[in-house]
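I opened the notebook with the aim of looking up how the strands pair and how the helices pack. The entries below follow the order in which I went through the model.

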Amino acid sequence: MTRIHRVTGPDDPVIREAAAILLAGGLVAFPTETVYGLGADGLNSEAVARIYAAKGRPATNPMILHVAAVEWSRSLVSQWPEAAQLLAERYWPGPLTLVLPAAATVPAIVRAGGPTVALRCPAHPVAQALLRAVGRPLAAPSANRSQHLSPTLAEHVASSLGEAVDLILDGGPTRAGLESTILDLSGTRPRILRPGPVTPAELTSILGPVDIWEGATAVGARQDAPGMAERHYAPRARLELVDRGAGLTSSAGRVAYVGIGALPALPAGVRGVLLPLNAEAVAAQLYALLHELDGAGFELIVMERPPEGEAWLAVQDRLQRASAKELA
Ligand code: TXA
Ligand code: MG
């Protein structure tokens, strides 16, 4: 069994041990403020290849490099525009990933062969301590099998990746619960590739107009390559979205109904779950709830669509992807 170590704090001796595993080319899962990441030495191509294998991730899907501080970025990019500096000063460490022209030092496998690199400085004390102990950037996608739900608990990592990870650092439940906002600064205009905890309005207040990419495929310029389906972040159970207050008239099989703000009367035998009418709170709980319902063997999860509005954009996006029909 993969070892799960409950980390007592940034001074826990396990951090040194984890750093040694990473420097030797191994894989360590660690908590961030968004979701758990599956880390490898980001400058070691063989180590990064192990991440692709462990996740079953297509080689066309690039990885985020995690850094401990803004200064670490300089050697990883060929340009560091004013916009990146302003955003890093304001949001790092925090849940904002920046896509920039890559320096030649970034292995091709991290970039999936493309010209850009995604950089993120995580705010979690365990992630920070680990990065500083390693002293090198860590490549880290979410610590789940490709196209499955992202993990917000160490147990989610263990059940999704099992033996493929050398060590799992358990930092308890992650705070934000959804993946970072990804902003592409490599083009002529800033463009949000994945909505997340940092909202378009926040980015616009610093940068001026920001585009939101609404591609049918998942995040990333190279994601329309074979293997990348629209379906993503998905539970095993079928997920259907309905209007708020719609309720259910009948049910067959094991069904859960997730209401937002209120729970309508439900047929006997349907498990009702009430989420608050608060975007941050729903984001924090969403994946853990879907993991739990999946684990409990529900075949159908009927969930109310969140309200319109920018605050709900990230939740909206993940639900859309999780409920999309599997592509051939
Ligand atoms: O919150 C997060 O961002 C988490 C934690 C662990 O940091 N990480 C995460 O990584 O969500 P991952 O690999 O599951 O999702 C990163 C997304 C992928 O969809 C990938 O295609 C995109 O970022 N991406 C990575 N590098 C890119 C690049 N150079 N250009 C465009 N998209 C990129
Ligand atoms: Mg992911």
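**Entry 1, the end of the first sheet.** I began with S10 and S11, which pair in the parallel sense over two bridges; two strands count as paired if DSSP finds at least two bridges between them. The names come from DSSP runs numbered from the N terminus, helices being H or I runs of at least four residues and strands E runs of at least two. I looked up Arg-191 and found that its bridge partner in S11 is Asp-211. On S9, Asp-184 has Arg-191 of S10 as its bridge partner. S9 and S10 run antiparallel and are joined by three bridges, and they form a hairpin with six residues between them.

**Entry 2, ground rules.** I noted that this is a predicted model, in which local features need pLDDT of at least 70 and side-chain atom pairs count only at pLDDT 80 or more, while totals for chains, interfaces and linings use all residues. Residues are numbered from 1 along each chain as its sequence is written, chains are lettered from A and ligands numbered from 1 in the order in which they are written, and side-chain values use heavy atoms, with hydrogens and water left out.

**Entry 3, confidence.** I checked pLDDT, the predictor's confidence in each residue from 0 to 100, and found a mean of 92 for the protein, with 93% of its residues at 70 or more. Over residues 216-229 pLDDT stays under 50, and for this stretch the model has 36 contacts beyond four places in sequence, a contact being heavy atoms within 4.5 Å.

**Entry 4, the whole first sheet.** I then traced the open sheet of 11 strands, whose order is S1-S8-S2-S3-S7-S4-S6-S5-S9-S10-S11 and whose pairing is mixed. Its edge strands are S1 (3-6) and S11 (211-212), each pairing on one side only. Further in, I found that S4 (residues 64-66) and S6 (residues 116-120) run parallel and are joined by three bridges, and that His-66 has Arg-120 of S6 as its bridge partner. Helix H2 (residues 45-55) packs on the sheet, where it touches S3 (37-41) and S7 (138-139), and its direction makes about 150 degrees with that of S3; here axes are lines fitted to C-alpha atoms, for helices over the stretch in contact, and angles run from 0 to 180 degrees between N-to-C directions.

**Entry 5, H7 and H3.** I found helix H7 (residues 200-207) lying across S5 (96-101), S9 (181-184), S10 (191-194) and S11, at about 35 degrees to S9. The axes of H3 (residues 82-91) and H7 come within 10 Å and cross at roughly 125 degrees. H3 and H7 are therefore oblique to each other, given that angles under 35 degrees count as roughly parallel, over 145 as roughly antiparallel, 65 to 115 as roughly perpendicular and the rest as oblique. In this contact Ala-83, Leu-86, Leu-87, Arg-90 and Tyr-91 of H3 meet Glu-202, Leu-203, Ile-206 and Leu-207 of H7. I sorted these residues into seven nonpolar, no polar and two charged, where Ala, Val, Leu, Ile, Met, Phe, Trp, Tyr, Cys and Pro count as nonpolar, Asp, Glu, Lys and Arg as charged, and the others, Gly among them, as polar.

**Entry 6, backbone checks.** Most residues other than glycine have a negative phi, and most peptide bonds are trans. I therefore noted the cis peptide bond that joins Trp-92 and Pro-93, with omega about -10 degrees; Pro-93 is found in the loop between H3 and S5. I also noted Ala-112, whose phi is positive, near 50 degrees, and which is found in the loop between H4 (108-111) and S6.

**Entry 7, the second sheet.** Four strands form an open sheet with parallel pairing, in the order S12-S15-S13-S14. S12 (238-242) and S14 (271-275) stand at the edges with a single partner strand each, so one side of each is left without a neighbour in the sheet. I found five bridges between S13 (residues 255-260) and S14, and Ile-260 has Leu-275 of S14 as its bridge partner. H8 packs on this sheet, touching S12, S13, S14 and S15 (300-304), and its direction makes about 165 degrees with that of S14.
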